Structure formats: C-alpha cells, structure tokens
Amino acid sequence: MNDVQAGTRGPRAYVTFIGIGLLAGLLSGLFGVGGGTVIVPLLVLLLHFDQRLAAGTSLAAIVPTASIGVISYATTGSVAWVPALILAAGAVVGAQIGTKLLPRISQTALRWGFVGFLVVVIVSLFLVIPSRDAVFELSWLTGVALVAVGIGTGVLAGLIGVGGGVIVVPVLMLAFGTSDLVAKGTSLLMMIPTAISGTVGNLRNRNVDIRAALLIGLSACTTTALGAWLATIVDPTLGNMLFAAYLAVIAIQMAIKAIRGRKRR
C-alpha cells in the first residue's frame, strides 16, 4: 500500500470523504453537474490523491449522485429524456477514449488541462443568460450536434473525472436554447451512463479508490435533492456568478500545484 492509499484509511480521511460528498451533492443538484469539479480538486488538495486516482474515484461517485439528481428534476418535469439519451450515446464512446488516454498523460499536463477546463467553464457561466421559459426543440440537425457534444464531454469525463455537466448545461442553454432547469436535469441523466462507462475503464487501470467513491457518492445523495430544490428558487444569474467564483478559487489552487510540480522536475 502506498502513502496516499494508507492516508485514505483513517478517521480524518473518512470524515473528509463525507464532507466532500455533502458539498458535491449540493452543488450537483444546484448546478446540474456530477460533482467532479468539487471531488477531484478536494481529493488532490486535502488528501493528496494522485490526479488520475482522484479523477477515477470522482467518476465512480458521480453515478449515485447524478441518479438522485435526475429523480429530483424529473419530479418537476425538468428532464429532456430523448436528448439526454442521445448525449449519453456519444458520451459513452468519448469516455472510453478518455480513459485510454488517461495513463499516457503526465500529471502536470492533467493539472493544466483541468485548469484550462475550469477557465472555459467560468467564462461560459458569464456568457449564459438563463431562461426558465425556453423550450428544447429536437431535430435531425440538433440530434447530430448532441452526439458531437456527448463525445466531447465523454472524453473530458475520462480524462478529468467529471461527468460533463459543467459543459453540457451551458451548451444546452446557449447553443440549443433550452431552459436552465431542463438543461440541468438533462445533463444529470446524460452523465450517468457516461460515468459508468468511464468507471469501468478506470477500474481496469486501477484508477478508482472504491471505498472513497462509496463514501463520497452516498454522502452526496443526501444533499442532491436539496440542491435541486434550491435551483428552482435561486436567481439563475446569481447562481452562475457564485459558481464561477468558486471555480476560480479551485483553478488558482490547481495552477499553483501544477507550477510546483513542474519546478520539482
């Protein structure tokens, strides 16, 4: 057992896993994301997880978290089922590509890639103008576009350990003109098969801490419904701004870690 694995078996680690899960679940329901933007950086920063192990563990934890989120949004009719399945089909393929690339990419490259990913998300959050009245219209053209989006987010899921919600939600609102609530519910449904597919690949490469994933995932399930309820009463623009501010903090922390890793070479 290596030092990181040994450090994830004590009481402090278990409490940290639960805390990460509670926060990830709340943000998952509130923003329609899997929670990877919380799980990955916190596992790396607080418990010194290897970036690959954090990514794989995050994907596994996203499965139960997103499932509860879908149920919560479905009760208010805020899930576009067919578009979600189309996105998922592309994402499953993309996730396999991402997990195959994961072992071949350096730690520093992964960290900078994650920082770049967060920057794109932050910018998109300020560009999105949420609307509760917009309707998603499915056609052959939008169907093909959804497959492409799904493949791209699937690759991202395999590499970074997120379900793709932070990309899918703003894309559905900006490019497809759907409402923010439907975008969030659809995103959560889409990422379930994506996360399962990516987790299978990560298990083969031993990039999943199963115990950590279970604790984080089960803890997240207890707050996801609360987050989904808050999404219906919080002003969409304010919610985007708060989430962008949080992601900016995480991006700065990860950038510092990437710079230090490069200097140690």
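Here a trainee and a mentor talk through a predicted model of a protein.

Trainee: What makes up the secondary structure of the protein?

Mentor: Eleven helices and zero strands. Reading from the N terminus, the elements go α-α-α-α-α-α-α-α-α-α-α.

Trainee: Why is the protein called as compact as a globular protein of its length?

Mentor: Set two values side by side. The radius of gyration is 17 Å, and the globule rule gives 18 Å for 265 residues. Those are close, so the protein counts as being as compact as a globular protein of that length. As for its dimensions, the C-alpha trace spans about 50 × 35 × 30 Å along the principal axes, and buried residues make up 55% of the 265 residues.

Trainee: Okay, on to the rings. Why is the pair of Tyr14 and Phe17 called tilted?

Mentor: Check the angle of the planes, which is 50°. Stacked needs under 30 degrees and edge-to-face needs over 60, with the rest counted as tilted. An angle of 50° fits neither of the two named ranges, so this pair is tilted. The ring centres of Tyr14 and Phe17 are 6.5 Å apart, and the two residues sit three residues apart in helix α2, about one helical turn.

Trainee: And why is the pair of Phe17 and Phe49 edge-to-face?

Mentor: Same test: the planes of Phe17 and Phe49 are at 90°, so the pair is edge-to-face. Their centres are 6.3 Å apart. This pair links distant parts of the chain, with Phe17 in helix α2 and Phe49 in the loop between α3 and α4, 32 residues apart. Together, Tyr14, Phe17 and Phe49 form one aromatic cluster.

Trainee: How do you know whether Phe17 is buried or exposed?

Mentor: Buried means under 20% relative accessible area. Phe17 has 0%, so Phe17 is buried. Phe49 is buried too.

Trainee: Then why is Tyr14 called partly exposed?

Mentor: Tyr14 has 25% relative accessibility. Partly exposed lies between the buried cut-off of 20% and the exposed cut-off of 50%, so 25% puts Tyr14 in that class.

Trainee: Which residues form the nonpolar patch on the surface?

Mentor: Val93, Ile97, Leu101, Val147 and Ile151, with about 350 Å² of accessible area together. Helices α5 and α7 each give two or more residues to the patch, and α5 gives the most, with three.

Trainee: What makes Ile151 accessible enough for a patch?

Mentor: Patch residues need over 30% relative accessible area. Ile151, which lies in helix α7, has 33%, so Ile151 passes that cut-off and counts as partly exposed.

Key
Residues numbered from 1 in each chain as written. Predicted model: local features only at pLDDT ≥ 70, side-chain atom pairs only at ≥ 80, totals over all residues. Heavy atoms only, no water. Patch = residues over 30% accessible without salt bridge, like charges linked within 9 Å, V, L, I, M, F, W, Y side chains within 5 Å. Areas by Shrake-Rupley, 256 points an atom, 1.4 Å probe, with all protein chains shown as cover. Salt bridge = Lys/Arg side-chain N within 4 Å of Asp/Glu carboxyl O. Helix = DSSP H or I, 4+ residues; strand = E, 2+ residues; numbered from the N terminus. Buried < 20%, exposed > 50% of the residue type's maximum accessible area, 1.4 Å probe, protein only. Rg over C-alpha atoms; globule rule 2.2 N^0.38 Å. Phe/Tyr/Trp six-rings, centres within 6.5 Å; stacked < 30°, edge-to-face > 60°.
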